[in-house]
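Work through these exercises with the sequence and the 3D view side by side. Try each task before you read its solution.

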Amino acid sequence: MSEASAPGGMLPADPRRGVRRLAVATTVATLVLISMGGAVRATDSGLACPDWPACYGQWIPPADLNMWLEHSHRLWAGVVGLAIVALVVLSWRHRDVPRLWRLSAVALGLVVIQAGLGAAVVLLHLRAGLVTSHLGMSWIIVACLVVVAIAARDPRSAPEASSHERLVARDSAVVAVLVLLQGLLGGQATGRGAAYVYNAVPIWLSDQQWTGHSREVLHLTHRFAGYLVAAAVVVYAVRALRRARRADGRVPAWTMRLPQLAVVLVLIQVGFGITNVLTRATVWSGIAHLTVASWLWTVLVLAAALGWRRARVPGAPTPETPGTQTSLDSAGPTGPGTRPSGEPEREVVR
Ligand code: HEM
């Protein structure tokens, strides 16, 4: 095993670095894939290739923008699938942490189902329920990859989470579920043609009359639930900040920074939602709305995973034992760098 220098002497290099890096790279690739899916949807390219997996029976279809948007989405999905296969193989080599290969295997299983769903979406002509399931499944795959990346952190820098971190993680998980439900509602609104039932903000300026049609209900539910979800994210960040203040800021930086990032993202998300309504979704605002929703989901899942990490990883210190700080932790208000040996890693906030 290679050696790397570390404070206090020579320590073996982080053993699961490869798994972590691959998990992070695959997460980013999956987020790109989701945005590409948004481009397919926003440009109505979903049926540009009516067969599957090739396009009109060809692997290199003619130079047509819609065809290539749909086809490149499929090709990139193949790359993501292969990356997840590699992740399973690599995680299996680190099966002393069973979570790694188990979760990677779950992600792989979901990708296979996702490919089947993608085929069904095309072959059954973009049925709304299938398109929404395709979106939801992609977010669950992202969540699996994020958890793998966190579980593969260097055990010396990942002590068991403190009670403060667990509380932030619990709130993050609750808000993530709200964002997931809101995303599924949005997928249904798009899939069922409810996106532009009302074309103004605020709603009463719209020239559409209320008829009680289910599409109007869907549209309004997504819109107003969006404001409520945004409010929930703000409350979540304020709670995290208050808890950190009560501990005089002696908490890991991520417990404040990730909730703050979530607030920024949700405000941008509401902005794109309003732009969608006002512009009847230009291609760009449609793609941006889906992209930011996926980032928001990722940030919340990341916060939940960070706060629930356990010291079951071989070599991980417990909160009582000193450990090396991570980049997220070391950027905190207590300042960068390693603490003097013997000093507790951080104060546990109850
Ligand atoms: C936390 C807040 C929100 C989240 C997570 C969210 C998420 C989503 C998602 C995932 C979609 C499906 C996009 C696609 O499949 O391509 C969508 C569609 C949509 N959302 Fe939201 N949304 C939020 C708030 C809002 C708000 C506040 C509004 C309006 C004021 C809005 C208006 C729309 C519209 C009009 C569509 C249809 C877009 C299209 O068909 O291209 N959203 N949303």
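**Exercise 1. Find the contacts of Val146 that lie more than four places away in sequence.**

Step 1. Use the contact rule: two residues touch if their C-beta atoms, placed from the backbone, lie within 7 Å. Step 2. Leave out residues up to four places away in sequence; Val146 then touches Thr27, Thr298, Val301, Leu302 and Ala305.

Two notes on the model. Residues are numbered from 1 along each chain as its sequence is written. The model is predicted, so local features need pLDDT of at least 70 and side-chain atom pairs count only at pLDDT 80 or more, while totals for chains, interfaces and linings use all residues.

**Exercise 2. Describe the largest nonpolar core.**

Step 1. Define burial: a residue is buried if 20 or more other C-beta atoms lie within 10 Å of its own, exposed if 12 or fewer, and partly exposed in between, with C-beta atoms placed from the backbone. Step 2. Define the core: buried Ala, Val, Leu, Ile, Met, Phe, Trp, Tyr and Cys residues joined through C-beta atoms within 7 Å. Step 3. This core holds 76 residues; Val146, Val148, Leu296, Leu300 and Ala303 touch the most other members. Step 4. α8 gives the most to this core, with 15 residues. Helices here are DSSP runs (H or I, at least four residues), as are strands (E, at least two), numbered from the N terminus. Step 5. Domain 1 (13-152) and domain 2 (156-337 + 344-350) each supply at least three residues to this core. The bounds come from an automatic or database domain assignment.

**Exercise 3. Where does the ligand lie with respect to the two domains?**

Step 1. Count the shell: 31 residues surround the ligand, and the closest are Gly186, Thr190, Ala195, Gly226 and Gly273. A residue belongs if its C-beta atom, placed from the backbone, lies within 6 Å of the molecule. Step 2. α1 (17-42), α5 (163-191), α6 (214-246), α7 (254-279) and α8 (283-307) each give two or more residues to the shell. Step 3. Domain 1 and domain 2 both contribute to the shell, so the ligand lies between them.

**Exercise 4. Is Asp44 buried or exposed?**

Step 1. Locate Asp44 in the loop between α1 and α2. Step 2. Count neighbours: Asp44 has 12 other C-beta atoms within 10 Å, so it is exposed. Step 3. Check the backbone: phi of Asp44 is near 55 degrees, a positive value. Most residues other than glycine have a negative phi.
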